[in-house]
Amino acid sequence: MNDFPARAVVDLGALRGNVRTLASLAPTAQVMAVVKADAYGHGLVPSALAALEGGATWLGTAQVSEALHLRRAGVTGARILTWLYAPGAPLRESVEADVDLSVASRWALDDVVAAARAAGRTARVHLKIDTGLGRNGLLPAQLPDVLAAALAAEAEGLVRVVGVWSHLAFADAPDHAVVGRQAAVFTDAVAAVEAAGARLEVRHLANSAATLTAPALHWDLVRPGIAVYGLTPVPQLGGPERFGLVPAMTFEAELATVKAVPAGSGVSYGHEYVVPQDTVLGVVPLGYADGIPRHASGTADRWGGPVQVGGRRLGIAGRVCMDQVVLDLGPGASDVAGDRVVLWGDGRDGGPTAQDWAEVAGTISYELVARLGARVPRVYVDSEQDREQGAVGAHALATTDPSSVGGGAA
């Protein structure tokens with residue numbers, strides 16, 4: 001039993017089901033489950049394995065270290081693409097581990113070629129095109145030079161150009177004109193690469209939002225990230241249930257100190273919340289060191305981040321501290337130390353969701369789940385296994401230190 005008084009409970013059955021749902025929404029494409037940033041805070045290896053069980057045939061990581069950690073953990077039955085690295089990255093080890101590498105610049109291609117030569121093995125590369133996001137990737141004007149060099153290396157048996165890809169700037173606004181412009185630039189880039197003689201396996205553009213809302217952009221492979229974990233990238237179109245997704249994470253804790261205080265008592269730093277009447281306060285032993293945003297602090301004018309205690313919907317009272325937050329449990333509250341507090345979950349019982357927190361804190365649900373602190377244990381359950389066994393409630397599989405499953409690569 002972990003002695004930390006909070007946990008992120010991750011339902012691998014929900015995650016598996018989300019991947020199946022996403023695959024059904026993109027029936028002509030393969031699914032790459034993006035597991036970067038410790039699987040958006042859900043735990044790298046357990047989440048990757050569940051995604052593969054749900055039908056994903058690819059895994060995507062931002063950092064090379066994440067891809068290598070998956071291979072060392074025995075994840076060998078799927079292609080893995082990694083895309084964000086600087087000079088000096090362990091590319092030879094990546095080639096030896098059969099990890100696909102994105103190429104977003106000429107120096108990156110040169111480094112991959114050198115790594116392949118040193119490894120004595122052909123490197124699989126995906127050319128990343130900057131179609132308008134303005135981040136990583138080859139500008140269309142840079143593509144001819146890099147493509148020519150890549151095909152020359154392919155003729156030597158050092159690389160194989162297996163993919164062309166890009167990333168959307170406005171996928172969460174499906175009708176935005178930039179989406180169409182990026183799609184056109186991408187189409188032209190694919191045509192140029194194929195006309196030059198590359199034998200592409202996959203062409204991919206769609207992230208979670210495009211997977212959900214833009215079938216015309218699915219191409220050969222979709223790359224859902226946040227949707228794999230049951231959160232929606234387009235909350236303006238409705239909650240996850242709108243797309244058949246189920247949030248996989250429940251973030252919960254136990255109440256610590258519970259005490260009655262008189263009217264006029266100030267709460268937390270700066271007394272931005274003062275209790276208007278005699279009431280009961282409860283301390284939740286989680287704070288910004290654990291990923292609770294300070295922007296979710298509560299004031300006299302509004303509750304902070306929403307929580308559920310004893311079936312009641314409350315909110316943080318006062319400033320979020322490094323290790324704790326305070327709740328105004330209400331006059332005469334009968335809650336006691338050790339009672340369960342749900343910060344966010346699937347919301348099906350009326351409890352708060354990560355999207356609820358995002359709206360209070362002025363951010364996105366992605367940030368909330370991905371920023372959970374390293375000392376918060378991840379506990380794995382499997383609702384699908386429970387249903388198969390006729391069990392009631394979650395079946396706990398394991399409790400893990402997140403650093404042990406993410407390789408420190410979050």
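In which strand is Q308 found? I began my entries with this residue, working throughout from a predicted model.

**Entry 1: Q308**

I located Q308 in strand β15, which covers residues 306-309. I then asked whether Q308 is buried or exposed. Its relative accessibility is 12%, so I recorded Q308 as buried, the cut-off being under 20%. For its contacts I set aside residues up to four places away in sequence. Those that remain are R340, V341 and V342, together with D349, G350, G351 and P352.

**Entry 2: the annotated positions**

I next consulted the UniProt record, an unreviewed entry, which lists R135 and M322 under "binding site". I noted that the two are spread over 188 residues of sequence and are also spread in space, up to 32.8 Å between C-alpha atoms. From this set, R135 belongs to the lining of the second largest cavity.

**Entry 3: R135**

I traced R135 to the loop that runs between β6 (123-128) and α7 (143-155). The relative accessible area of R135 is 58%, which is over 50%, and therefore I entered this residue as exposed. Leaving out residues up to four places away in sequence, I found that R135 touches D130 and H167.

**Entry 4: M322**

I placed M322 in the loop between β16 (312-315) and β17 (325-328). Is M322 buried, exposed or partly exposed? Its relative accessibility of 43% lies between the 20% and 50% limits, so I recorded M322 as partly exposed. With residues up to four places away in sequence again excluded, M322 touches G287, Y288, A289 and D290, and also R375.

**Entry 5: the largest pocket**

I then turned to the open spaces of the model. The largest pocket has a volume of about 820 Å³. Which residues of its lining lie nearest the centre? I listed K36, R135, H167, N207 and Y366, out of 34 lining residues. Two of these names had already appeared together in my notes, since R135 touches H167.

I also checked which elements give two or more residues to this lining. They are the helices α2 (36-40), α9 (208-213), α10 (354-361) and α11 (365-370), and the strand β4 (79-84). Sorted by class, the lining of the largest pocket has 20 nonpolar residues, nine polar and five charged.

**Entry 6: R135 revisited**

To close, I brought together my notes on R135. This residue is named in the UniProt "binding site" annotation, lies among the residues nearest the centre of the largest pocket, and is part of the lining of the second largest cavity.

How values were computed: Residues are numbered from 1 along each chain as its sequence is written. This is a predicted model: local features need pLDDT of at least 70, side-chain atom pairs count only at pLDDT 80 or more; totals for chains, interfaces and linings use all residues. Side-chain values use heavy atoms; hydrogens and water are left out. UniProt positions are given in the numbering used here, feature names are shortened, and annotations may be inferred rather than shown by experiment. On a 1 Å grid over the protein atoms alone, a cavity is a set of points where a 1.4 Å probe fits but cannot get out, and a pocket is an open set with protein on both sides within 12 Å along at least five of seven lines; lining residues have an atom within 4 Å of a point. Helices (H or I, at least four residues) and strands (E, at least two) are DSSP runs, numbered from the N terminus. Buried means under 20% relative accessible area, exposed over 50%, partly exposed in between (1.4 Å probe, protein chains only). Contact means heavy atoms within 4.5 Å. Grid points are joined across faces, edges and corners, and a volume is the space filled by probe spheres set on the points. Ala, Val, Leu, Ile, Met, Phe, Trp, Tyr, Cys and Pro count as nonpolar, Asp, Glu, Lys and Arg as charged, and the others, Gly among them, as polar.
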